[in-house]
Amino acid sequence: SLELFHYNDLSLNVSKTKEMIVDYRRQQGSGHLPIYIGDAEVERVSTFMFLIVHITKDLSWTLHTDTITKKACQLLFFLRKLRKFGMNASILTKLLQLH
């Protein structure tokens with residue numbers, strides 16, 4: 001409960017708190033009431049990012065793999081352009097390790 005936060009002089013940032021409902025029942029009604037912390041309602045989301053992993057309410061990996069693939073393609077495009085302009089391979093390797 002929130003008393004523990006106040007007792008230890010901690011605060012909960014409600015604007016950064018998210019709620020995601022994972023519900024595999026066949027009949028998915030609107031039976032989930034919103035969560036309130038103090039007077040503020042916690043935002044309900046269908047996807048969020050946790051420790052660099054995209055999590056969706058259906059727990060699929062599609063969004064995460066698409067995002068990683070897009071970033072990898074952008075990086076490879078950049079490295080190919082630099083190689084085309086004659087940049088040293090050891091420098092390209094160091095750039096790749098930094099990313």
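Guide: Two strands are said to pair if DSSP finds at least two bridges between them, and helices (H or I, at least four residues) and strands (E, at least two) are DSSP runs numbered from the N terminus. The structure above is a predicted model, in which local features need pLDDT of at least 70 and side-chain atom pairs count only at pLDDT 80 or more, while totals for chains, interfaces and linings use all residues. Residues are numbered from 1 along each chain as its sequence is written, and side-chain values use heavy atoms, with hydrogens and water left out.

Visitor: What makes strand 5 and strand 6 a pair, and in which sense do they run?
Guide: Strand 5 and strand 6 are joined by four bridges in the antiparallel sense, and because the definition asks for at least two bridges, they count as paired. Among the positions that face each other, Thr47 stands opposite Thr56 of strand 6, and Met49 has His54 of strand 6 as its bridge partner.

Visitor: Which residues have a positive phi in the loop between strand 5 and strand 6?
Guide: Leu51, in the loop between strand 5 (47–50) and strand 6 (53–56), has a positive phi of about 50° although it is not a glycine. Ile52, found in that loop as well, has a positive phi of about 70° and is not a glycine either. The hairpin of these strands has two residues between them.

Visitor: Why are Leu51 and Ile52 called exposed?
Guide: The term rests on relative accessible area, with buried meaning under 20%, exposed over 50% and partly exposed in between (1.4 Å probe, protein chains only). Leu51 has a value of 69% and is therefore exposed, and Ile52, with 62%, is exposed too.

Visitor: What makes the side chains along strand 6 alternate?
Guide: His54 and Thr56 point to one face of strand 6 and are buried, whereas Val53 and Ile55 point to the other face and are not buried.

Visitor: How do you know that Glu43 and Lys18 form a salt bridge?
Guide: A salt bridge is a side-chain nitrogen of Lys or Arg within 4 Å of a carboxyl oxygen of Asp or Glu. The closest N and O atoms of Glu43 and Lys18 are 2.6 Å apart, and the pair is counted as a salt bridge. Glu43 belongs to strand 4 (residues 43–44) and Lys18 to strand 1 (residues 18–19), so this contact ties together parts that are 25 residues apart in sequence. Glu43 is partly exposed at 42% relative accessibility, and Lys18 is partly exposed at 38%.

Visitor: How many salt bridges does a search of the whole structure find?
Guide: The search finds two. Besides the pair just described, the side chains of Glu19 and Arg44 meet in a salt bridge at 3.4 Å, N to O. Glu19 lies in strand 1 and Arg44 in strand 4, so this pair, too, ties together parts that are 25 residues apart in sequence.

Visitor: Are Glu19 and Arg44 buried or partly exposed, and what are the values?
Guide: Glu19 has a relative accessibility of 11% and therefore counts as buried, whereas Arg44, at 40%, counts as partly exposed.

Visitor: How do you know that the span of helix 2 agrees with its number of residues?
Guide: The expected span of a helix is 1.5 Å times one less than its number of residues. Helix 2 has 23 residues, which should span 33 Å, and its end C-alpha atoms are 32 Å apart, so the two values agree.

Visitor: Which residues of helix 2 are buried, and what do they pack against?
Guide: His64, Leu75, Leu79 and Leu82 are the buried residues in helix 2, and they pack against strand 6 and helix 3. Lys84, which has its place in helix 2 (residues 62–84), is by contrast exposed, with a relative accessible area of 64%. The C-alpha atoms of Lys84 and Ile35 are separated by 54 Å, although these residues are 49 apart along the chain. Just after helix 2, Gly86 takes a positive phi of about 90°.

Terms used: Contact = heavy atoms within 4.5 Å.
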